[in-house]
Amino acid sequence: MKAMNSTQSPCDAIRDMLAAQGAVASGIAEAAPIPDADFAPFEAWLADGCHASMTYMENYRDLRRDPRTLLPGARSLIVAAFSYYHADHTEGNLERIAAYAHGDDYHEVLRARLDNVARAIRETWGAETRVCVDTAPLPERYWAVRAGIGFIGRNGMLITPAAGSYIFIATIITTLPLPPSAPSTATCLSCNRCLQACPTQAITYPQNKTQSESQAPQKAQSQALQGESQSQSQAPKLQEEHRADAQRAEVPPSQAAQAQSQSQAAHPQEAAPARPIPRIDASRCLSCLTIEHRGDFPPGTDLHGRLYGCDLCQRVCPHNRNLPDTTISEFHPRPALRTLTPAAIAALTPADFSTIFRHSAIKRTKLQGLQRNLQAIHD
């Protein structure tokens with residue numbers, strides 16, 4: 001661990017420590033209960049069954065709402081983003097596997113790195129810590145926004161200025177009181193490319209029966225994206241909206257965000273009305289189907305060539321253009337994945353699977369699930 005500068009504030013020292021561990025962004029959020037209005041969309045998502053077979057999402061709601069229940073006396077959440085992007089993520093056999101699973105299991109890699117920072121916090125300031133890497137019931141994307149790291153895109157993913165959406169989130173909950181970062185107020189470009197690229201239309205809008213007439217064109221747009229009809233009278237306005245979104249999507253994301261921020265600062269009273277917030281229907285999402293779903297697929301399921309996970313909504317996102325490769329070597333592709341052809345997967349034995357995917361996120365689906373996915377692709 002790099003020696004700390006004695007003149008640094010705790011926040012600056014922690015930020016430097018995280019950067020030394022490979023974080024591309026970090027921020028602080030106050031440990032406090034999530035307001036009802038912010039937690040309501042998650043409750044509605046569950047109530048509508050959008051979590052599909054992921055019934056574990058229904059558990060520990062009290063813990064999800066208040067991070068202080070995960071560490072008694074918690075005062076701060078230190079949230080960090082780590083890039084896993086690599087430019088060769090669509091080459092050969094890698095194309096069918098989500099990029100996050102090309103390297104070593106991020107749970108293990110990031111826990112080891114954050115454990116170093118957590119240890120330094122305990123030794124330097126005498127504070128208690130708890131490291132969370134997608135295992136505790138912590139709404140990580142929510143806290144990442146609160147910590148100013150990025151914003152939630154229409155595909156439901158956290159998008160950061162430094163690494164787009166190809167990032168892992170890791171959090172240190174601590175009893176150390178730290179001044180919170182300014183929450184992110186940025187939004188996506190509204191180009192709808194992720195919605196259009198999703199082959200199963202898993203990115204949907206919740207139906208709101210009390211939606212005002214002023215939002216009717218937006219509701220019609222969401223229905224059209226879900227395969228529902230729209231009236232001819234609404235079509236011209238929607239087409240104009242799509243053209244404007246497409247033009248805005250051609251602007252480099254950093255410039256678009258800067259222009260948006262400047263416009264909002266200059267004309268706060270002219271803020272556009274809020275759009276409906278898209279959400280992910282896990283029963284349609286190819287990532288959920290190929291990773292989380294157990295047993296046979298529902299009749300008529302089409303995996304669209306996906307073997308493990310899906311990056312289609314990320315690949316078309318303008319915020320993911322010209323990203324630098326991750327500096328974390330463990331997240332670069334394993335050589336075995338480059339040569340693991342469909343025929344080789346079909347012939348894998350349990351022993352082979354355990355050897356090849358040791359310390360890999362792909363082990364989550366188990367051999368039976370991976371071969372099930374392969375069979376579904378070739379049926």
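Let's start at Asn322, which sits in the loop between α11 (312-315) and α12 (335-339). With a relative accessibility of 79%, Asn322 counts as exposed. Ala163 is 159 residues away from Asn322 in sequence, yet the two C-alpha atoms are 9.4 Å apart in space. Keep in mind that this is a predicted model.

**The chain as a whole**

The protein chain has 15 helices and 8 strands. Of its 379 residues, 47% are buried. How many of the contacts between residues at least 6 apart in sequence join residues at least 24 apart? That share is 76% in the protein chain.

On confidence, the chain averages a pLDDT of 84, and 80% of the residues score at least 70. The stretch to watch is 208-274, where pLDDT stays under 50. The model does have 60 contacts beyond four places in sequence for those residues. Still, where pLDDT is low, predicted coordinates should not be read in detail.

**Helix α4 and what sits on it**

Helix α4 runs over residues 106-125, which makes 20 residues. From first C-alpha to last, α4 reaches 28 Å, close to the 28 Å expected at 1.5 Å a residue. Right after α4 comes Gly126, with a positive phi near 70°.

Which residues of α4 are buried? They are Tyr106, Val109, Leu110, Arg113, Leu114, Val117, Ala118, Ala120 and Ile121. An α-helix has 3.6 residues a turn, so residues three or four places apart point the same way. The cover over the buried residues of α4 includes α1 (10-20), β2 (76-83), β3 (129-132) and β6 (167-174).

Strand β6 also holds Phe168. Is Phe168 buried or exposed? Its relative accessibility is 6%, so Phe168 counts as buried. Leaving out residues up to four places away in sequence, Phe168 touches Ala80, Ala81, Phe82, Tyr84, Tyr100, Tyr106, Leu110 and Phe331. Two of those names, Tyr106 and Leu110, are also on the list of buried α4 residues. As for His107, its C-alpha is 9.3 Å from that of Phe168, with the two positions 61 residues apart along the chain.

**A buried aspartate**

Asp88 lies in the loop between β2 and α4. Although it is in a loop, Asp88 has a relative accessible area of 17% and is buried. The cut-off is under 20%, which is why 17% puts Asp88 in that class. With residues up to four places away in sequence set aside, Asp88 touches Leu94, Pro333 and Arg338.

**Two residues with positive phi**

Most residues other than glycine have a negative phi. Ala52 goes the other way: it is not a glycine, but its phi is positive, about 50°. Tyr60 does likewise, with a positive phi of about 55°. Where is Ala52 found? It lies in the loop between α2 (36-47) and α3 (61-65), and Tyr60 is in the loop between α2 and α3 too. Ala52 counts as partly exposed at 29% relative accessibility, while Tyr60, at 54%, counts as exposed.

**Empty space inside**

Rolling a probe the size of a water molecule over the atoms shows where empty space is left. The count here comes to 3 cavities of 30 Å³ or more. The two biggest look like this:

| Cavity | Volume | Lining by class |
|---|---|---|
| Largest | about 110 Å³ | 8 nonpolar, 5 polar, 1 charged |
| Second largest | about 60 Å³ | 5 nonpolar, 2 polar, 1 charged |

What lies nearest the centre of the largest cavity? Among its 14 lining residues, Arg154, Cys188, Cys191, Cys194 and Cys317 do. Cysteine counts as nonpolar in this split, so those four cysteines fall among the 8 nonpolar residues.

The second largest cavity is lined by Asn93, Arg96, Ile97, Leu307, Leu340, Thr341, Pro342 and Ile345. Arg counts as charged, so Arg96 is the 1 charged residue in that lining.

Technical notes. Residues numbered from 1 in each chain as written. Predicted model: local features only at pLDDT ≥ 70, side-chain atom pairs only at ≥ 80, totals over all residues. Heavy atoms only, no water. Helix = DSSP H or I, 4+ residues; strand = E, 2+ residues; numbered from the N terminus. Buried < 20%, exposed > 50% of the residue type's maximum accessible area, 1.4 Å probe, protein only. 1 Å grid on protein atoms, 1.4 Å probe; cavity = no way out; pocket = protein on both sides within 12 Å on 5 of 7 lines; lining within 4 Å. Points joined across faces, edges and corners; volume = space filled by probe spheres on them. Expected span 1.5 Å × (residues − 1). Contact = heavy atoms within 4.5 Å. pLDDT = per-residue confidence, 0-100.
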